[in-house]
Amino acid sequence: MADFKAGSIVKGQVTGIEKYGAFVNFDSYYSGLIHISEVSNDFVNDIHDFLEIGEIIYCQVLEVNEENGQLKLSIKNINYKSNNKSKVKESRLGFLPLKNNLNKWISDKISEIEGNLK
């Protein structure tokens, strides 16, 4: 188990978003909640404007419940974006490769499924 302390900055993954806050997982024992009031110093109408499920972020630990492995978290006074998302370079071809290959991919998958049924 990691050693979490109030005031420390920790890195975790957003695993769920509700109207009242976002859930963040750290390891097999610790998880936490960023209450909507701890997302920004400004009014937050929709947490999805700040976070998305699967995103890796930094959080500040406000409180630790060692017994339950639960953390109260905040992102409003720190740079919470971890910048580890891979950037996808936009192609000038847009959706053309998808359009050109979609029928072949569907046909290949159908053939694979039919082969598994035999």
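## A guided tour from strands to helix

From the N terminus on, the elements of the protein follow the order β-β-β-β-β-α. That gives 1 helix and 5 strands, where helices (H or I, at least four residues) and strands (E, at least two) are DSSP runs numbered from the N terminus. This is a predicted model, in which local features need pLDDT of at least 70 and side-chain atom pairs count only at pLDDT 80 or more, while totals for chains, interfaces and linings use all residues. Residues are numbered from 1 along each chain as its sequence is written, and side-chain values use heavy atoms, with hydrogens and water left out.

**Stop 1: the whole protein**

Start with everything displayed, and switch on the surface if you like. The accessible surface of the protein comes to about 8,800 Å², and 51% of it belongs to carbon and sulfur atoms; such areas come from the Shrake-Rupley method with a 1.4 Å probe, and for residues only the protein chains shown count as cover. Of the 118 residues, 26% count as buried. Here buried means under 20% relative accessible area, exposed means over 50%, and partly exposed lies in between (1.4 Å probe, protein chains only). Among contacts (heavy atoms within 4.5 Å) with a separation of 6 or more, 59% are between residues 24 or more positions apart.

**Stop 2: the paired strands**

Now select β1 (9-18) and β2 (21-25). These two form a hairpin with 2 residues between them, and they pair in the antiparallel sense over 5 bridges; two strands pair if DSSP finds at least two bridges between them. To see a facing pair, pick valine 14, which stands opposite valine 24 in β2.

Add β4 (56-65) to the selection. β1 and β4 run antiparallel, joined by 5 bridges. Two facing pairs to show here are glutamine 13 with isoleucine 56 in β4 and glycine 12 with isoleucine 57 in β4.

Then bring in β5 (70-74). β4 and β5 pair in the antiparallel sense, again over 5 bridges, and glutamate 63 stands opposite lysine 72 in β5. This hairpin has 4 residues between its strands, and glycine 69 in the turn has a positive phi of about 70°.

**Stop 3: the nonpolar core**

Hide the ribbon for a moment and select Phe26, Ile34, Leu51, Ile57, Cys59, Leu73 and Ile75. Of the 21 residues in the largest nonpolar core, these touch the most other members. Such a core is a set of buried Ala, Val, Leu, Ile, Met, Phe, Trp, Tyr and Cys residues joined through side-chain atoms within 4.5 Å. β1, β2, β4 and β5 each supply at least two residues of this core.

Which residues does leucine 51 contact, leaving aside its neighbours within four places in sequence? Centre on leucine 51 and you will find Val14, Ile17, Ala22, Ile34, Ile57, Ile75 and Tyr80 around it.

**Stop 4: serine 40**

Next, go to the loop between β3 and β4, where serine 40 lies. Serine 40 is buried, with a relative accessible area of 15%. A polar atom of its side chain lies 3.0 Å from the backbone nitrogen of aspartate 42. Not counting residues up to four places away in sequence, serine 40 touches Phe50 and Lys76.

**Stop 5: a salt bridge between two loops**

A search of the whole structure finds 4 salt bridges, each being a side-chain nitrogen of Lys or Arg within 4 Å of a carboxyl oxygen of Asp or Glu. Select glutamate 55 and lysine 81, whose side chains meet in one of them (2.6 Å, N to O). The pair links distant parts of the chain, 26 residues apart: glutamate 55 is in the loop between β3 (31-35) and β4, lysine 81 in the loop between β5 and α1 (96-117). Is each partner buried or partly exposed? Glutamate 55 counts as buried at 6% relative accessibility, whereas lysine 81 is partly exposed at 31%.

**Stop 6: along the helix**

Finish on α1. Aspartate 108 forms a salt bridge with lysine 104, their closest N and O atoms being 2.8 Å apart. These residues are separated by about one helical turn because they are 4 residues apart in helix α1. Aspartate 108 is partly exposed at 38%, and lysine 104 is partly exposed at 49%.

Lastly, select lysine 109 and glutamate 112, whose side chains meet in a salt bridge (3.3 Å, N to O). This pair is 3 residues apart in helix α1, so about one helical turn separates them. Lysine 109 counts as partly exposed at 44% relative accessibility, and glutamate 112 as partly exposed at 43%.

Definitions and conventions:
A polar contact is a pair of N or O atoms within 3.5 Å; within protein, one must be able to donate a hydrogen and the other to accept it, and residues adjacent in sequence count only if both atoms are side-chain atoms.
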